[in-house]
Amino acid sequence: MIGNLNVAVVGVGGQGNVLLSRILGETALKVGIKVRISDTFGAAQRGAAVLSLVRFGSSYSPVIPLGKADALVALEPSEALRQSRFLRPNGYALINTRRILPVEVLTGKAAYPSTDKISGLLSALTSNLYMFDAAKLAEQAGDSRTTNMVMLGALDGCDCLPFETEAIKETIMDLVPEKMLDSNLKSFELGRSYLQNHRKMEPDLGIALL
Amino acid sequence: MAKSSLEQMLLSPDAGQSALLMTNHAIARAAIEAGARIVTGYPGTPSSEIIESIGSVADSLGIHVEWAVNEKVALEVASAGAIAGIRAMTVMKHVGLNVASDILMVLGLSGVNGGMVIVVGDDPGGWVSQNEQDSRLYARMADVPMFEPSNPQEALRMTVQAFEVSERVQLPVIVRTTLKVSHGSGIVTFGPIANSKKRGEYVKDVNRYYVADVVAQSRHEWQHQQMKKMRSLLRSLKLNPLTLKKGQSIGIVSSGGAYNFAAESIRNLDLQDRVAMLKVETSHPLPDDKMRRILTKTREVLVVEETEPVMEDHLRMLTYGLKRHAVIHGKRTGALPGTNELTYEIVASSLAKLAGIHIRRNKKETEVRAAIADAVPPRGWTLCAGCPHIGTFYALKRLTKKTGKGKIANLGDIGCIGLAALPPLENVDTSFCMGSSIAQAAGLAYAGVDMPIVASIGDSTFFHSGIAPLIDAVANDAHICVLICDNETTAMTGHQPHPGTGITASGKSTKKIRIEDVVRAVGVEFLEITDAFNVTETYRAIERALKHPGPSVVIARGPCAELTRRQARRLGTKPRAYVIHSEKCKGYDCRVCLREFGCPAILWDNDLQKATIDSTLCNGCGLCTQVCVFQAITQPVGADALQ
C-alpha cells in the first residue's frame with residue numbers, strides 16, 4: 001500500500017534548499033511516486049528564511065498542513081525552530097547546528113537561542129532529534145556549500161524515504177554540475193553515515209508506511 | 001532542476017512524457033505547445049519564471065520574447081500579434097494588470113483573431129507586493145473569459161485550452177494563478193507541440209479597430225454576444241467539475257489554490273459522503289447552471305476563494321427567484337476571513353464547524369509549540385553583501401543625520417531599494433507603486449513641505465514608470481532630487497534585463513538605452529553620476545543636488561552584488577574578502593558597521609567581542625572601509641589574499 005510522506009526542508013536563502021527538494025522530487029518522478037513541492041523563494045539571495053515542502057504520495061495542495069511533516073530537514077538551527085510548526089510529534093528533526101545570524105540579532109534587537117536551548121525545546125516535540133555540525137562535514141568533503149547534500153544524506157540515513165539510496169545518488173549525478181559532483185556525493189555519504197551511526201532507534205513506523 | 005534540462009523539457013517533442021515542473025514552467029510549456037509566437041511581460045513575483053524560461057528557448061522556436069518596459073506596453077505588443085492572427089501571450093503579476101488595464105479594457109471591444117492569453121499571478125496576502133488585489137474582478141470589468149488552474153498539470157492543460165477558446169470567441173482569455181500555485185511543483189504530462197501560424201497578417205478594419213464613439217458602442221454589443229457564446233461553450237469544455245451525490249447536505253464552491261485546501265479538508269475530515277464539490281475553473285463567466293444545482297441540492301454551501309468574495313456574491317445573486325436554496329457561508333458571513341491568504345488550517349476548521357466536527361487539540365503539544373515560537377528570532381530581509389544600494393543609502397543616511405533627524409523626506413519605490421527602509425539603514429519612508437516616488441516627491445514640494453525632498457527609484461522601475469513623472473516634475477519645476485539607484489538589472493525579481501542593460505529576454509545584444517541620456521533629454525539641468533560604492537562621492541552629489549533650485553537627478557551606479565558574484569563564478573575567480581583587524585576594532589560600544597551600515601557579511605564575534613567579516617559572504621566591494629573611521633578594515637594584499 002502506498003502511504004504518504006511529507007518532508008519540510010528549511011534554511012536561509014543561498015543554502016541550496018531548492019536543489020535539495022528538487023532532488024527528492026526528481027527521484028520520486030523517476031521511481032514512479034507522485035510528488036508535489038511548494039517552494040517559498042524570491043528572496044533567495046537576500047538572506048531571508050526559505051522553505052521547501054515536499055509531499056510524496058497522494059495530495060491536493062503542495063503545502064503540508066501544520067504538524068503533518070514526517071521529517072524536518074533544517075540547514076540552519078533557528079529556521080528549524082521557526083518551521084518546527086510543520087513537524088509532527090516524534091517526526092525526524094535533522095538540524096545543521098551552524099548558525100546564520102539574522103540582522104535583528106547582529107544589531108542587538110533580538111537574541112539567538114543557544115544550541116542547548118534549541119535542543120531542549122525541540123526534544124519536547126520529538127524524540128527523533130539529531131543536531132550536528134553538517135557544515136563541518138561538508139568542509140571535510142571539500143566544499144562548505146554542499147551542506148545541503150550532507151542534510152540530504154542524513155535524511156536518507158533515516159531510512160524513511162520511499163526510494164533506494166542509489167536512486168537519489170543518480171539524481172544528484174543528473175542535477176549537479178560535473179566539477180562539483182565529487183564533493184556533493186562525498187557530503188551525501190558523510191551525512192548518511194552520520195545518521196546511520198547515531199540513530200537512536202528503529203525507524204518510527206508511523207512514517208515508514210511507503 | 002538544472003537549467004539545461006528545463007530547456008530540454010520545454011522543447012521536448014514527446015507528447016505523453018512526464019516531468020516535474022513548477023506551475024510557471026508548465027505555463028511556459030503550454031505557450032510552446034499552443035504555438036505562441038509573441039510572448040511578452042514585465043517581471044514580478046510570482047510570475048517571472050514564465051518569460052525567463054521561454055526566453056531560454058525562444059530563438060530555437062522562432063518566438064519573439066520580450067521583457068517589455070512595462071505591462072501596458074507588453075500587452076499592447078502582444079495584442080497586435082493576436083490581431084494579426086498569430087497566437088500571443090502576456091505575463092505579469094496582479095498589480096501589473098493595473099498598468100495594463102488601459103489596453104485590456106479596449107481589447108475586449110476590438111477582439112482578437114489569433115489566440116491571446118494573459119497570464120496574471122495574484123499574491124493573496126501581498127507577501128511580495130503592495131496589496132492583495134483579486135484579478136478576477138478585472139475579468140469581470142473587462143468582460144473577458146478567465147481560467148483558474150489549481151496545479152501545474154491543470155495550468156498546462158488550461159493555458160493551451162485558453163488559446164483555443166480565445167480563438168473561438170475572439171476575445172483575450174486571462175489565466176489567473178496565485179502565489180502558492182505559481183511556485184508549486186508537480187508531475188506534468190506533456191501534450192503535442194502545435195504547428196501554429198508563423199506570420200501575422202494585418203487586415204484593415206476601422207469599424208473594428210478604431211475603437212471609439214459609435215464603433216465602441218457597436219463593439220460593446222458584439223462583445224456581449226461573444227460572452228454569450230462563451231457561456232454556451234462552457235457546457236462542452238469539460239471544465240468546472242461538479243461532484244454531487246444524493247444526500248450530500250453540504251456543498252463547497254471553490255477555485256484555484258483555495259480548492260486544494262478545500263479538497264484536502266474533505267479528505268482529511270473524512271467527509272466525502274457528506275460534502276459535494278463544485279471546482280470552479282472559469283472564474284469568468286462563472287458556471288451559473290452548476291452553481292444553481294449545488295445551491296438547490298444541498299443545505300449549506302461554503303465558498304472557499306481567494307481573495308475577494310467574488311463567487312460568494314455571485315451565488316447570492318443566483319438565489320434570486322429560487323424557491324429553495326442552501327444557506328451560503330463565506331467571507332461575507334465570517335465563516336472565512338475576509339483578508340489574507342487562506343491556509344489548509346483555516347479552511348479545514350471552517351468546514352469542520354459547518355459539519356459539526358470537533359477538531360481535538362493536544363494541550364501539551366500546543367504548549368510545547370508556543371514555547372518554541374517564543375524562542376524564534378525574527379529573520380527579516382536585508383540587502384545583500386556587496387549591494388551598491390547599501391553605499392547609496394548609507395550616504396543618504398549620513399546626509400539626513402547632518403541635516404537633523406528625519407529632516408529629509410525620502411520617498412521610496414518598488415524593488416530592492418525598498419529594503420533600505422529596514423534596519424539598520426532605515427532610510428526609505430514610503431512605498432506605493434511603480435514610479436510613484438517621483439510624482440509624490442513633486443506633490444510634497446507643491447504642497448509647500450519645508451524639507452529637502454528626495455525620490456529614490458531603481459533603474460528598471462525608472463524605465464517602467466519613472467520617466468513620465470520626471471517629465472512632469474521638469475515641466476512644473478518641482479524642487480526635488482531624484483536619486484536613481486542604478487544596479488544595472490531588475491534585481492528583486494531575479495535579474496531580468498531591461499532597456500538599460502542592452503540585452504533582450506532571449507539573451508541577445510541590443511541597443512542600450514542610457515538613463516543619463518533620458519534624463520538630459522527631458523530637460524533636467526542638474527545631473528550627477530556617482531559610483532555607488534563611493535559613499536563620499538554620492539553624499540556630496542546629493543547635497544549639491546538638493547541645493548539646485550529645480551528638479552535634479554543623481555544616478556548612483558554600481559552593479560548588483562549578485563551580478564558581480566555570477567561574473568566571478570564564470571571567470572572562476574573569488575572576490576577578495578576584506579578583514580577586520582580586531583586590535584583596531586573598538587568593540588561593542590562602537591559597532592557602527594553593524595548598527596548603522598549593516599552589510600550582512602559583517603558579523604559580531606561574541607567570544608572576541610569584536611566585529612568580524614565572513615569571508616564566504618564578503619563580495620570585496622570595500623564599502624565598509626569607508627564606514628570604519630578607525631581603519632580596522634582592510635583588504636589583504638599579495639600572498640595573504642591568495643587563500
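Begin by selecting domain 1 and domain 2 of chain B in this predicted model, where 22 residues of domain 1 are in contact with 17 residues of domain 2. To colour the two parts correctly, take residues 3-191 together with 219-236 of chain B as domain 1, and residues 242-355 of chain B as domain 2. If you place a marker at the C-alpha centre of each of these domains of chain B, the two markers will lie 26 Å apart.

Next, keep only the side of domain 1 of chain B that touches domain 2 of chain B, and look for the elements that give two or more residues to it: helix H7 (136-142), strand E6 (146-147), strand E7 (173-178), helix H9 (179-182) and helix H11 (213-233) of chain B. The largest share of this side comes from H7(B), which gives four residues. If you colour this side of domain 1 of chain B by class, you should find eleven nonpolar, three polar and eight charged residues.

Stay with H7 of chain B and move to the loop between H7 and E6, where B:Asp143 is found. The phi angle of B:Asp143 is near 55°, which is a positive value in a residue other than glycine. Is B:Asp143 buried, exposed or partly exposed? B:Asp143 counts as partly exposed, because 18 C-beta neighbours lie inside 10 Å, and a residue needs 20 or more to be called buried.

Now select two prolines of chain B, each of which follows a cis peptide bond. The bond from B:Thr45 to B:Pro46 is cis, with omega near 10°, and B:Pro46 sits in the loop that runs between strand E2 (38-41) and helix H3 (49-55) of chain B. The bond from B:His284 to B:Pro285 is also cis, with omega near -5°, and B:Pro285 is placed in the loop between strand E12 (282-284) and helix H13 (288-297) of chain B.

Then bring chain A into view and select the contact between the chains, which takes 47 residues from chain A and 42 residues from chain B. On the chain A side, helix H1 (17-31), strand E2 (35-40), helix H2 (77-83), helix H3 (103-106) and helix H4 (115-123) each supply at least two residues. Which of the elements of chain A gives the most to this side? The answer is E2(A), with five residues. By class, the residues on this side of chain A divide into 26 nonpolar, eleven polar and ten charged.

Zoom in on E2(A) and add strand E8 (residues 184-189) of chain B, since these strands pair in the antiparallel sense over three bridges. Within this pairing, A:Arg36 stands opposite B:Gly186 in E8(B).

While chain A is displayed, select A:Asp159, which is found in the loop between helix H6 (147-157) and helix H7 (165-175) of chain A. A:Asp159 has a positive phi of about 55° although it is not a glycine, and with 14 C-beta neighbours inside 10 Å it counts as partly exposed.

Finally, zoom out to the whole of chain B, which contains 23 helices and 23 strands. Its C-alpha atoms fill a box of roughly 80 × 75 × 55 Å along the principal axes, and its radius of gyration of 28 Å agrees with the value near 26 Å that a compact globule of 643 residues would have. Buried residues make up 53% of the 643 residues in chain B.

Notes
Residues are numbered from 1 along each chain as its sequence is written. Chains are lettered from A and ligands numbered from 1 in the order in which they are written. This is a predicted model: local features need pLDDT of at least 70, side-chain atom pairs count only at pLDDT 80 or more; totals for chains, interfaces and linings use all residues. Domain bounds come from an automatic or database domain assignment. Two residues are in contact if their C-beta atoms, placed from the backbone, lie within 7 Å. Ala, Val, Leu, Ile, Met, Phe, Trp, Tyr, Cys and Pro count as nonpolar, Asp, Glu, Lys and Arg as charged, and the others, Gly among them, as polar. A residue is buried if 20 or more other C-beta atoms lie within 10 Å of its own, exposed if 12 or fewer, and partly exposed in between; C-beta atoms are placed from the backbone. Two strands pair if DSSP finds at least two bridges between them. The radius of gyration is taken over C-alpha atoms; the globule rule is 2.2 Å times the number of residues to the power 0.38.
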